[in-house]
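Student: Please take me through one part of this model up close. I would like a single connected account that I can follow on the screen.

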Amino acid sequence: MYMRHFARFYSAMAGPRPVVLSGPSGTGKSTLYKKLMKEYSSVFGFSVSHTTRNPRPGEVNGKDYHYVTREAMQAAINKGDFIENAEFSGNLYGTSKAAVQDVKDRNLICILDIDMQGVRNIKRTDLNPIYISIQPPSLDILETRLRDRKTESEENLQKRLNAAKAEIEFSKEAGVFDLVIVNDNLDDAYEQLRDALLEEIHGVKKINLSS
Ligand code: ADP
Ligand code: 5GP
(Lines give C-alpha, C1' and ligand atoms only; values in the text may rest on other atoms or scores of the structure.)
(Ligands and ions follow the chains in the order given, each with its own letter.)
Protein backbone atom coordinates (compact mmCIF):
# COMPACT_ATOMS: atom_id res chain seq x y z
CA MET A 1 0.00 0.00 0.00
CA TYR A 2 1.22 3.51 -0.67
CA MET A 3 -0.35 6.81 0.01
CA ARG A 4 0.14 10.42 -0.91
CA HIS A 5 -1.25 13.18 1.24
CA PHE A 6 -4.55 14.30 -0.16
CA ALA A 7 -4.58 17.97 -0.99
CA ARG A 8 -7.36 20.33 0.09
CA PHE A 9 -10.49 18.31 0.78
CA TYR A 10 -13.20 20.91 0.90
CA SER A 11 -13.74 24.34 -0.49
CA ALA A 12 -16.96 26.24 0.05
CA MET A 13 -17.31 26.74 -3.70
CA ALA A 14 -16.45 23.29 -4.99
CA GLY A 15 -17.77 21.17 -2.08
CA PRO A 16 -16.13 17.95 -0.95
CA ARG A 17 -13.81 16.11 -3.29
CA PRO A 18 -15.34 13.08 -4.99
CA VAL A 19 -13.75 9.65 -4.51
CA VAL A 20 -13.00 7.37 -7.44
CA LEU A 21 -12.85 3.66 -6.67
CA SER A 22 -11.34 1.57 -9.41
CA GLY A 23 -9.88 -1.89 -9.85
CA PRO A 24 -10.72 -5.27 -11.40
CA SER A 25 -14.28 -6.53 -11.54
CA GLY A 26 -14.82 -8.81 -8.52
CA THR A 27 -12.17 -7.19 -6.37
CA GLY A 28 -14.69 -5.92 -3.80
CA LYS A 29 -15.34 -2.29 -4.80
CA SER A 30 -19.09 -2.41 -4.30
CA THR A 31 -18.77 -4.41 -1.07
CA LEU A 32 -16.47 -1.69 0.27
CA TYR A 33 -18.42 1.37 -0.82
CA LYS A 34 -21.71 -0.11 0.40
CA LYS A 35 -20.09 -0.64 3.81
CA LEU A 36 -18.89 2.97 3.79
CA MET A 37 -22.31 4.30 2.81
CA LYS A 38 -23.95 2.22 5.52
CA GLU A 39 -21.65 3.54 8.23
CA TYR A 40 -21.75 7.13 6.94
CA SER A 41 -25.13 7.46 5.24
CA SER A 42 -25.26 11.25 5.58
CA VAL A 43 -21.73 11.75 4.21
CA PHE A 44 -21.47 9.78 0.98
CA GLY A 45 -23.60 9.66 -2.14
CA PHE A 46 -23.13 7.22 -5.01
CA SER A 47 -22.75 8.37 -8.60
CA VAL A 48 -25.27 6.08 -10.28
CA SER A 49 -23.78 5.15 -13.64
CA HIS A 50 -25.64 4.17 -16.78
CA THR A 51 -25.04 0.75 -18.29
CA THR A 52 -26.32 -1.39 -21.13
CA ARG A 53 -25.71 -4.63 -19.20
CA ASN A 54 -28.64 -6.47 -17.62
CA PRO A 55 -29.35 -6.03 -13.90
CA ARG A 56 -28.11 -8.81 -11.61
CA PRO A 57 -30.52 -10.33 -9.11
CA GLY A 58 -30.91 -7.85 -6.28
CA GLU A 59 -29.71 -4.83 -8.24
CA VAL A 60 -32.14 -1.94 -8.39
CA ASN A 61 -32.66 0.36 -11.38
CA GLY A 62 -31.75 3.93 -10.41
CA LYS A 63 -29.81 2.78 -7.34
CA ASP A 64 -27.07 0.46 -8.58
CA TYR A 65 -27.21 1.62 -12.20
CA HIS A 66 -29.55 3.22 -14.68
CA TYR A 67 -30.15 0.27 -17.02
CA VAL A 68 -30.61 1.51 -20.56
CA THR A 69 -30.49 0.29 -24.15
CA ARG A 70 -27.39 0.88 -26.23
CA GLU A 71 -29.40 3.16 -28.53
CA ALA A 72 -30.63 5.34 -25.67
CA MET A 73 -27.18 5.51 -24.10
CA GLN A 74 -25.42 6.32 -27.36
CA ALA A 75 -27.95 9.10 -28.03
CA ALA A 76 -27.34 10.57 -24.55
CA ILE A 77 -23.55 10.36 -25.06
CA ASN A 78 -23.90 12.15 -28.41
CA LYS A 79 -25.96 14.83 -26.69
CA GLY A 80 -23.07 15.46 -24.27
CA ASP A 81 -24.84 14.17 -21.15
CA PHE A 82 -21.83 12.15 -19.92
CA ILE A 83 -18.61 13.12 -18.13
CA GLU A 84 -17.03 9.87 -19.29
CA ASN A 85 -18.07 6.60 -20.87
CA ALA A 86 -16.39 3.33 -21.76
CA GLU A 87 -17.01 -0.08 -23.30
CA PHE A 88 -16.37 -2.87 -20.77
CA SER A 89 -16.90 -6.58 -21.40
CA GLY A 90 -19.23 -5.92 -24.33
CA ASN A 91 -21.36 -3.26 -22.65
CA LEU A 92 -21.40 0.51 -22.39
CA TYR A 93 -20.91 2.16 -19.00
CA GLY A 94 -20.83 5.86 -18.22
CA THR A 95 -21.02 8.59 -15.61
CA SER A 96 -23.62 11.20 -16.47
CA LYS A 97 -23.15 14.83 -15.50
CA ALA A 98 -26.49 14.58 -13.67
CA ALA A 99 -25.30 11.62 -11.55
CA VAL A 100 -22.41 13.61 -10.10
CA GLN A 101 -24.39 16.87 -9.86
CA ASP A 102 -27.14 15.13 -7.90
CA VAL A 103 -24.66 14.09 -5.18
CA LYS A 104 -22.94 17.46 -5.24
CA ASP A 105 -26.29 19.24 -4.74
CA ARG A 106 -26.73 17.26 -1.52
CA ASN A 107 -23.27 18.36 -0.29
CA LEU A 108 -22.12 14.75 -0.05
CA ILE A 109 -18.86 13.08 -1.02
CA CYS A 110 -19.55 11.55 -4.42
CA ILE A 111 -18.30 7.96 -4.89
CA LEU A 112 -17.59 6.85 -8.45
CA ASP A 113 -17.03 3.15 -9.22
CA ILE A 114 -15.37 3.17 -12.65
CA ASP A 115 -12.92 1.15 -14.72
CA MET A 116 -9.43 2.23 -15.84
CA GLN A 117 -10.70 3.92 -19.02
CA GLY A 118 -12.98 5.97 -16.79
CA VAL A 119 -10.04 6.92 -14.57
CA ARG A 120 -8.05 8.05 -17.61
CA ASN A 121 -10.96 10.13 -18.87
CA ILE A 122 -11.83 11.64 -15.48
CA LYS A 123 -8.19 12.77 -15.23
CA ARG A 124 -8.89 15.03 -18.22
CA THR A 125 -11.78 16.77 -16.41
CA ASP A 126 -11.83 19.29 -13.56
CA LEU A 127 -13.55 16.88 -11.14
CA ASN A 128 -10.42 16.61 -8.99
CA PRO A 129 -11.32 13.40 -7.12
CA ILE A 130 -9.24 11.28 -4.78
CA TYR A 131 -8.22 8.19 -6.78
CA ILE A 132 -8.27 4.90 -4.88
CA SER A 133 -7.47 1.55 -6.44
CA ILE A 134 -8.89 -1.62 -4.92
CA GLN A 135 -6.78 -4.63 -5.88
CA PRO A 136 -7.19 -8.38 -5.28
CA PRO A 137 -4.48 -10.34 -3.41
CA SER A 138 -3.94 -12.38 -6.61
CA LEU A 139 -5.58 -13.20 -9.94
CA ASP A 140 -6.48 -16.67 -8.62
CA ILE A 141 -8.30 -15.23 -5.63
CA LEU A 142 -10.07 -12.76 -7.93
CA GLU A 143 -11.24 -15.64 -10.11
CA THR A 144 -12.54 -17.51 -7.06
CA ARG A 145 -14.47 -14.42 -5.90
CA LEU A 146 -15.96 -13.83 -9.33
CA ARG A 147 -16.98 -17.49 -9.64
CA ASP A 148 -18.42 -17.57 -6.12
CA ARG A 149 -20.45 -14.43 -6.86
CA LYS A 150 -22.23 -16.48 -9.54
CA THR A 151 -23.24 -13.45 -11.60
CA GLU A 152 -21.28 -14.01 -14.81
CA SER A 153 -21.44 -16.49 -17.67
CA GLU A 154 -18.17 -18.33 -18.39
CA GLU A 155 -17.57 -16.07 -21.40
CA ASN A 156 -18.15 -12.94 -19.37
CA LEU A 157 -15.99 -14.21 -16.56
CA GLN A 158 -13.07 -14.74 -18.94
CA LYS A 159 -13.53 -11.24 -20.37
CA ARG A 160 -13.44 -9.79 -16.86
CA LEU A 161 -10.34 -11.78 -15.89
CA ASN A 162 -8.64 -10.58 -19.03
CA ALA A 163 -9.53 -6.98 -18.27
CA ALA A 164 -8.32 -7.54 -14.70
CA LYS A 165 -4.75 -8.11 -15.89
CA ALA A 166 -4.67 -4.62 -17.41
CA GLU A 167 -6.38 -3.13 -14.35
CA ILE A 168 -3.71 -4.69 -12.09
CA GLU A 169 -0.90 -3.29 -14.25
CA PHE A 170 -2.61 0.11 -14.38
CA SER A 171 -2.66 0.33 -10.57
CA LYS A 172 1.15 0.14 -10.60
CA GLU A 173 1.56 3.16 -12.90
CA ALA A 174 3.20 6.00 -11.03
CA GLY A 175 1.04 9.02 -10.26
CA VAL A 176 -2.32 7.51 -11.16
CA PHE A 177 -3.71 6.55 -7.75
CA ASP A 178 -3.44 8.36 -4.42
CA LEU A 179 -3.88 5.07 -2.62
CA VAL A 180 -3.81 1.38 -3.55
CA ILE A 181 -5.60 -1.00 -1.17
CA VAL A 182 -5.20 -4.76 -1.45
CA ASN A 183 -8.54 -6.26 -0.45
CA ASP A 184 -7.36 -9.44 1.22
CA ASN A 185 -9.11 -9.38 4.59
CA LEU A 186 -12.30 -7.32 4.12
CA ASP A 187 -12.21 -5.65 7.54
CA ASP A 188 -8.58 -4.58 7.06
CA ALA A 189 -9.29 -3.20 3.59
CA TYR A 190 -12.33 -1.34 4.87
CA GLU A 191 -10.32 0.17 7.70
CA GLN A 192 -7.69 1.42 5.26
CA LEU A 193 -10.37 2.97 3.04
CA ARG A 194 -12.17 4.63 5.94
CA ASP A 195 -8.95 5.90 7.53
CA ALA A 196 -7.85 7.43 4.24
CA LEU A 197 -11.14 9.34 4.01
CA LEU A 198 -11.59 10.30 7.67
CA GLU A 199 -10.50 13.89 7.14
CA GLU A 200 -13.03 14.34 4.33
CA ILE A 201 -15.73 12.58 6.37
CA HIS A 202 -15.25 14.92 9.33
CA GLY A 203 -15.14 17.91 7.00
CA VAL A 204 -18.53 17.05 5.50
CA LYS A 205 -20.07 16.29 8.89
CA LYS A 206 -18.94 19.67 10.21
CA ILE A 207 -20.23 21.61 7.18
CA ASN A 208 -23.57 19.81 7.12
CA LEU A 209 -24.09 20.30 10.87
CA SER A 210 -23.49 24.02 10.61
CA SER A 211 -25.71 24.59 7.58
P1 ADP B 1 -16.70 -5.50 -7.47
O2 ADP B 1 -17.75 -4.51 -7.03
O3 ADP B 1 -15.32 -4.95 -7.40
O4 ADP B 1 -16.99 -6.14 -8.79
P5 ADP B 1 -17.81 -7.15 -5.31
O6 ADP B 1 -17.93 -6.15 -4.22
O7 ADP B 1 -19.06 -7.56 -6.01
O8 ADP B 1 -16.72 -6.70 -6.40
O9 ADP B 1 -17.07 -8.43 -4.72
C10 ADP B 1 -16.93 -9.62 -5.48
C11 ADP B 1 -17.24 -10.82 -4.59
O12 ADP B 1 -16.19 -10.97 -3.64
C13 ADP B 1 -18.52 -10.67 -3.79
O14 ADP B 1 -19.20 -11.90 -3.77
C15 ADP B 1 -18.04 -10.24 -2.40
O16 ADP B 1 -18.93 -10.67 -1.40
C17 ADP B 1 -16.69 -10.94 -2.31
N18 ADP B 1 -15.68 -10.24 -1.50
C19 ADP B 1 -15.42 -8.91 -1.45
N20 ADP B 1 -14.38 -8.67 -0.64
C21 ADP B 1 -13.95 -9.85 -0.15
C22 ADP B 1 -12.90 -10.25 0.74
N23 ADP B 1 -12.07 -9.38 1.31
N24 ADP B 1 -12.75 -11.56 0.99
C25 ADP B 1 -13.57 -12.49 0.40
N26 ADP B 1 -14.58 -12.18 -0.45
C27 ADP B 1 -14.76 -10.88 -0.73
P1 5GP C 1 -20.03 -4.40 -13.30
O2 5GP C 1 -20.68 -4.87 -14.56
O3 5GP C 1 -19.25 -5.48 -12.61
O4 5GP C 1 -20.99 -3.66 -12.40
O5 5GP C 1 -18.95 -3.31 -13.73
C6 5GP C 1 -17.95 -3.63 -14.65
C7 5GP C 1 -16.88 -2.58 -14.65
O8 5GP C 1 -17.43 -1.34 -15.11
C9 5GP C 1 -16.27 -2.28 -13.28
O10 5GP C 1 -14.86 -2.16 -13.45
C11 5GP C 1 -16.84 -0.94 -12.91
O12 5GP C 1 -15.96 -0.18 -12.10
C13 5GP C 1 -16.99 -0.31 -14.27
N14 5GP C 1 -17.96 0.78 -14.31
C15 5GP C 1 -19.15 0.89 -13.68
N16 5GP C 1 -19.73 2.06 -13.97
C17 5GP C 1 -18.89 2.73 -14.78
C18 5GP C 1 -18.92 4.00 -15.40
O19 5GP C 1 -19.84 4.80 -15.27
N20 5GP C 1 -17.85 4.32 -16.18
C21 5GP C 1 -16.79 3.50 -16.36
N22 5GP C 1 -15.80 3.92 -17.13
N23 5GP C 1 -16.73 2.29 -15.80
C24 5GP C 1 -17.76 1.92 -15.01
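**A four-stranded sheet and its surroundings**

Tutor: Start with one pair: A86 stands opposite Y93 in β8. This is a predicted model. Six bridges join β7 to β8, and the two strands run antiparallel. Two residues lie between the strands of this hairpin. One residue to look at there is S89, which takes a positive phi near 50 degrees.

Now widen the view. β7 and β8 belong to an open sheet of four strands, in the order β6-β5-β8-β7. Its pairing is mixed. The edges are β6 (65–67) and β7 (82–88), each of which pairs on one side only. On average, neighbouring strands are turned by 25 degrees against each other, direction ignored.

Go to the other edge. β5 (residues 49–51) and β6 run parallel, joined by three bridges. There, T51 has Y67 of β6 as its bridge partner.

Two helices pack on this sheet. Helix α2 (residues 70–79) touches β5, β7 and β8 (91–96). The direction of α2 makes about 40 degrees with that of β8. Helix α3 (residues 97–105) touches β7 and β8. The direction of α3 also makes about 40 degrees with that of β8.

β7 and β8 also lead to the largest pocket. Each supplies at least two residues of its lining, as do α1, α5 (139–149) and α6 (154–170). The pocket holds about 800 Å³ of space. Its lining counts 37 residues. Those nearest the centre are K29, S30, R56, D113 and R149. The largest share of the lining, five residues, comes from α1.

So look at α1 itself. Helix α1 spans residues 29–39, and its buried residues are K29, L32, Y33 and L36. They lie on the same side of α1, because they cover an arc of only 90 degrees around the axis. The spacing fits a general rule: an α-helix has 3.6 residues a turn, so residues three or four places apart point the same way. What covers the buried residues of α1 includes the strands β3 (19–22), β4 (44–46), β9 (109–113) and β10 (130–135). Helix α7 (186–210) is also part of that cover.

K29 links the two views. K29 is one of the buried residues of α1, and K29 is also among the residues nearest the centre of the largest pocket.

Technical notes. Residues are numbered from 1 along each chain as its sequence is written. Chains are lettered from A and ligands numbered from 1 in the order in which they are written. This is a predicted model: local features need pLDDT of at least 70, side-chain atom pairs count only at pLDDT 80 or more; totals for chains, interfaces and linings use all residues. Side-chain values use heavy atoms; hydrogens and water are left out. Two strands pair if DSSP finds at least two bridges between them. Axes are lines fitted to C-alpha atoms, for helices over the stretch in contact, and angles run from 0 to 180 degrees between N-to-C directions. Contact means heavy atoms within 4.5 Å. Buried means under 20% relative accessible area, exposed over 50%, partly exposed in between (1.4 Å probe, protein chains only). The arc is that of the directions from the helix axis to the C-beta atoms. On a 1 Å grid over the protein atoms alone, a cavity is a set of points where a 1.4 Å probe fits but cannot get out, and a pocket is an open set with protein on both sides within 12 Å along at least five of seven lines; lining residues have an atom within 4 Å of a point. Grid points are joined across faces, edges and corners, and a volume is the space filled by probe spheres set on the points.
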